[in-house]
Amino acid sequence: MISPDLFRKLALSFNNVEEKPHFNKTSFRINGKIFATLDSQKKTVSLKLSLVDQSIYCVIKPSMASPATGAWGKQGWTVLYIEKISKTILTEASKKAFNMAAQKEKKLIMKTGEQIQTLHPDKNKTNKKISLDKYNTIKGQLLIILKNAELTHTELMEQLYQNVKDKFDGGVQWYGETVKLDLEARKIVERTGTKPDRYRLRTTKP
């Protein structure tokens, strides 16, 4: 039997997932897009799946899964009854829902070709939306700088400035801080927790 807490841990195990209230339910989001909701009282999980995946899960065992009512069901939203579903199937379905939401965000960024919504390590704060080209330039330089060194904030920003000042159009310090916060949120860069605090690349997976 799968408990609501077990599903919560499963949903939060995917990269960059946020947990937020959604009416009388709990929602799980990737870059603001909901891919799953949890109703702890009814012990149900709703996942945004493709219509093909929805039909497969509903056919496997109707008592385990059913389309959401109305237009939501026609969009792929599928209700799973966590007391009647195996952990293996729930994990598989949740991963499909997460990947579909993440892929839509990726396509949106590629379509615009101009901006990316950066993340913030404090999930209660919203980071800046910036040029994708500038994001990639600053990110690449930060990763190169931190590859073999642990640096204080001042040292890191100064080295970044020296590396890009002659070829970067914009405030290096501003973009550097924005992208650094994004890399912390994505658990690519971390702080040492020492005095003074230093930044380094993560050597282990989050």
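**Exercise 1. A salt bridge across the chain**

Find the distance at which Glu150 and Arg200 meet, and state which parts of the chain they join.

*Solution.*
Step 1. This is a predicted model. In it, the side chains of Glu150 and Arg200 meet in a salt bridge, 3.6 Å from N to O.
Step 2. Place both partners. Glu150 sits in the loop between helix H5 (132-146) and strand E9 (151-152), and Arg200 sits in strand E11, so the bridge ties together parts 50 residues apart in sequence.
Step 3. Check the cover. Glu150 has 39% relative accessibility, so it counts as partly exposed. Arg200 has 28%, so it is partly exposed too.

**Exercise 2. Buried or exposed?**

Decide how Arg191 and Glu184 should be classed, starting from the bridge between them.

*Solution.*
Step 1. The closest N and O atoms of Arg191 and Glu184 are 2.8 Å apart, in a salt bridge.
Step 2. Recall the cut-off: buried means under 20% relative accessible area.
Step 3. Glu184 has 12%, so it is buried.
Step 4. Arg191 has 41%, so it counts as partly exposed.
Step 5. Now look for a network. Glu150, Glu190, Arg200 and Arg202 are joined into one by salt bridges that share partners.

**Exercise 3. Helix to strand**

Which elements does the salt bridge between Arg8 and Glu19 link?

*Solution.*
Step 1. The side chains of Arg8 and Glu19 meet at 2.9 Å, N to O.
Step 2. Arg8 belongs to helix H1 and Glu19 to strand E1, and the two are 11 residues apart.
Step 3. Glu19 has a relative accessible area of 34%, so it is partly exposed.
Step 4. Put the pair in context. The count of salt bridges comes to 12.

**Exercise 4. Unusual backbone angles**

Explain why Asn16, Lys187 and the bond between Lys195 and Pro196 deserve a second look.

*Solution.*
Step 1. Start with the rule. Most residues other than glycine have a negative phi, and most peptide bonds are trans.
Step 2. Asn16 has a positive phi, near 60 degrees. Asn16 lies in the loop between helix H1 (4-12) and strand E1 (17-22). Its relative accessible area is 28%, so Asn16 is partly exposed.
Step 3. Lys187 has a positive phi of about 60 degrees and is not a glycine. Its loop runs between helix H7 (172-185) and E10. At 43%, Lys187 is partly exposed.
Step 4. The bond joining Lys195 and Pro196 is cis, with omega about -5 degrees. Pro196 is in the loop between strand E10 (189-191) and strand E11 (198-201).

**Exercise 5. A loop lysine and a nonpolar patch**

Describe the surroundings of Lys43, then name the members of the nonpolar surface patch that includes Ile56.

*Solution.*
Step 1. Lys43 lies in the loop between strand E3 (33-39) and strand E4 (44-48). With 32% relative accessibility, it counts as partly exposed.
Step 2. Leave aside neighbours within four places in sequence. Lys43 is then in contact with Leu80, Tyr81, Ile82 and Glu83.
Step 3. Turn to the patch. Val52, Ile56 and Ile60 form it, with about 280 Å² of accessible area together.
Step 4. Ile56 is in helix H2 (residues 51-60). Its relative accessible area is 42%, so Ile56 is partly exposed.

**Exercise 6. The whole protein**

How many helices and strands are there, and what share of the residues is buried?

*Solution.*
Step 1. The protein has 7 helices and 11 strands.
Step 2. Of its 206 residues, 40% count as buried.
Step 3. Add the charges. There are 37 positive and 21 negative side chains, and the centres of the two sets lie 7 Å apart.

Notes:
Residues numbered from 1 in each chain as written. Predicted model: local features only at pLDDT ≥ 70, side-chain atom pairs only at ≥ 80, totals over all residues. Heavy atoms only, no water. Helix = DSSP H or I, 4+ residues; strand = E, 2+ residues; numbered from the N terminus. Buried < 20%, exposed > 50% of the residue type's maximum accessible area, 1.4 Å probe, protein only. Contact = heavy atoms within 4.5 Å. Patch = residues over 30% accessible without salt bridge, like charges linked within 9 Å, V, L, I, M, F, W, Y side chains within 5 Å. Areas by Shrake-Rupley, 256 points an atom, 1.4 Å probe, with all protein chains shown as cover. Salt bridge = Lys/Arg side-chain N within 4 Å of Asp/Glu carboxyl O. Lys, Arg positive; Asp, Glu negative; His and termini not counted. Charge placed at Lys NZ, Arg CZ, Asp CG, Glu CD.
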